[in-house]
Amino acid sequence: MDETREDARPDYGAAAIERLLYGTDPTPRIVAVETAGSSGMRVYRREADGRVESAIEPFEPWLLLDREPEWPRLRGQYNAERLHGDAHYCWLIRFRNWSAFTTARGLLDDAGLAWEGFRAPVEQYLALSGRTLFKEMDYGDLVRLQLDIETSGLDPAAPDAAILLVTISSTRGDEAALGANGEDEATILAQLNNAIAAIDPDIIEGHNIYNFDLPYLQARAGALRIALGWGRDGSTLATGGDQRFKVLARSLPFVPHYAYGRHFLDTYQQIQRYDSAGTMTSYGLKEAIAALGLVREDRTFVRGDTIAAAFEADRERVVAYALDDIRDVGILSALTAPTEFYQAQMLPRSFQRVATGGSGGKINALFLRAYLAARQAVPRPAPPQPYPGGWSEVREIGIFRPIVKCDVESLYPAIMLTDRIGSASDELGVLLPLLRDLTTRRLHAKERARATRGEEQTVWQGLQSSFKVLINSFYGYLGFSQAIFNDFAAAERITLRGQELLKGIVAELERTGARPIEVDTDGVYFVPPNGVTGRAAEEDYVARIGAATLPRGINLAFDGRYAAMVSLKTKTYVLKEYDGALIMKGSSLRSRREEPYLRRFLNDAAELLIADSRDALRDLYFATARRLQAHELSPRDFGRWETITQKTFRSEANRRLAAVAQGQRIGERVIVYHRSDGALGLLDDWKNDEDVTYLLRRLREVAARFADLYDDAADFDHAFPPLVATSNLDAQQARTASKQLSLF
């Protein structure tokens, strides 16, 4: 069976859907849940007057099994309940305390028996109790503390390592620079402990706080034998095992930290989720703020590699810079984290886990709680099966103007609802009703966001964004190998149906005189037909195409208009907006690892190609080469960011990077450059010794990304010949340089 029919499932009314989405327990204003002994949970609630109260609630750890267990050594310490239905995990086992649970889990592991459920006690409690965090709260109701540190260097174990300054701010209006008067590290750390206790934040946030600020603070506190007692119960800051933060196709390492009764939020992670369109080239704090157009006119800047010296020479300026940093953290948090906040109102997870967890696990948590509440047996995930992906194709290569994009709104979720395709193993039939209700809620939230302003608009925008993330996860969930209710046959049906609909749109565009340029899963970039001029006419044309090709319930939307497009290959193109801004799509055009001089060349080259100024582009190529030959570029122009991971030191391919990364902490980012002796060097150690041969070769490789726009190889080689690295190459020599790559 590869189809779930809603009319064959229970009728989920509004109240039932509300329980499925938000749990069965309406307790409001819970801001944290933590273990209290082996059989209790301490529940923290922030009252409307701002006070935080707590109470200990009983807690029964649990897991799901496919059989009734026989554990003589645990007799009397667990209760087995047979669930409804015939799915694989049909027994709910509840334990008297956490010790009994871990003993049973060990017995199962020793016997090689699988079980289902949550490993974290907080998630077990929330799922079984039907509670969630933050009910009846807005993001602005939380007390959030922003934290940033300035240090003598990156390595907290270095002989001269020291915390120079800790800046903090909060949503209550607090702001302080600890160490601004020259206090020593021990005093700074004691002041920080006191500030956290006094402010009593629900969330502690910073930019790259997991990989730098928290590890550095822990290391220095350990060296000074000072406890960082940040927990609401006075307990010290704790560290978890290595984890991965997943965003789109990237998976980033980080080490989670924990403070009892509080949550951590890393805006370095959150801005990457926020940038779902992939338009940013860097996620550093200053770069992200600049990309979002949020730089304040009076903002103070100090280069990171000069902090220690500047702190001695101009401490007031460094303090101003550090305070601006935490203000920027607060801005990024308010912009990016409400999505996670409103998801936490629905999911049986801590806010910190919601903020770092992947979408598949979130849908799993929703469904597992629903089945647990109904006492319904749970299936085991089906083994992975291949299924086709969406239709992506470049139809034409070249430079085109003007361009319109049409997009099928939430294509895969819309197909699931219209064709009623769910999971065959979803015996309760909760998937499609949940998806339909989330879609309705999102449309309402979008409408309210358009109709409101200020703080109210921010709330609605956060809500619609959180709904959107979950909605778009439902299709991927069906094809997720670890999804409890996965269904690869259903995922294939949805994909093939999506291809069919998109092909119908492309055919109608062509029939009516448009030129489709790029097709990508759920949308089409096209040159509109003659006579379709201006936004109103373009919107009307897209509406007519949708009406002619799509069934009721699936909508084709006008998704943008552009002055020009450089089409290169599938999912690789440049768009020029009517205000002159460029949008680069595709890893070969916007790699964050690309050296800055190459990113500038790509951007300028695209502008000149759109302007049909190929001679000027050729001149740009030679001018860049001459500057490289003359060592006129700043070392930051040819430096490249690298993140230090475990693979840095284990992989032979990273041998050169490992040589310069000795002493760096996992998760840190360094800027390296290619030295003329063939090794990599740290940018701080640059001695006018960059490898010009390498830089020239990279320049031509980047130029070659536009090769398909030229008539043939000879035409391209004439525009961008390989250049010889000589110390006195003048303009004429550059133009007549050898075309033999072997000269390198």
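## Helix H20 and the residue that follows

Just after helix H20, His631 adopts a positive phi of about 55°. This value, like the others in this report, comes from a predicted model. The helix that precedes His631 spans residues 614-629 and holds 16 residues; from its first C-alpha to its last, H20 reaches 23 Å, which is close to the 22 Å expected at 1.5 Å a residue.

The buried residues of H20 are Leu617, Arg618, Tyr621, Phe622, Thr624, Ala625, Leu628 and Gln629. Because these residues cover an arc of only 155° around the axis, they lie on the same side of H20.

## The E1-E2 hairpin

Strand E1, which comprises residues 30-35, has 5 of its 6 residues buried, so it is largely enclosed by the rest of the structure. Its partner is strand E2, residues 40-46, and the two strands run antiparallel, joined by 5 bridges; within this pairing, Val33 has Val43 of E2 as its bridge partner.

Together E1 and E2 form a hairpin in which 4 residues lie between the strands. One of the residues in the turn, Gly37, has a positive phi of about 75°.

## Strand E7 and its two partners

In strand E7, residues 144-151, 8 of the 8 residues are buried, and the strand is therefore largely enclosed by the rest of the structure. The burial applies to both directions in which its residues point: Arg144, Gln146, Asp148 and Glu150 point one way from E7, whereas Leu145, Leu147, Ile149 and Thr151 point the other way, and all are buried.

E7 pairs with strand E8, residues 163-170, in an antiparallel arrangement joined by 7 bridges, and in this pairing the bridge partner of Leu145 is Ser170 of E8. E7 also pairs with strand E10, residues 203-206, here in the parallel sense and over 3 bridges; Gln146 of E7 stands opposite Glu205 in E10.

## Packing of H16 against H17

Two packed helices are described by the angle between their axes and the distance between the axes. Helix H16, residues 488-511, and helix H17, residues 535-549, pack at an angle of about 125°, and their axes are 9 Å apart. That angle makes H16 oblique to H17, since angles over 145 degrees count as roughly antiparallel and those from 65 to 115 as roughly perpendicular. The crossing in which H16 passes H17 is right-handed.

Technical notes:
Residues numbered from 1 in each chain as written. Predicted model: local features only at pLDDT ≥ 70, side-chain atom pairs only at ≥ 80, totals over all residues. Heavy atoms only, no water. Expected span 1.5 Å × (residues − 1). Buried < 20%, exposed > 50% of the residue type's maximum accessible area, 1.4 Å probe, protein only. Arc of directions from axis to C-beta. Pairing = 2+ DSSP bridges. Axes fitted to C-alpha atoms, helices over the stretch in contact; angles between N-to-C directions. Parallel < 35°, antiparallel > 145°, perpendicular 65-115°, else oblique. Left-handed = near helix turned anticlockwise from the far one by under 90°.
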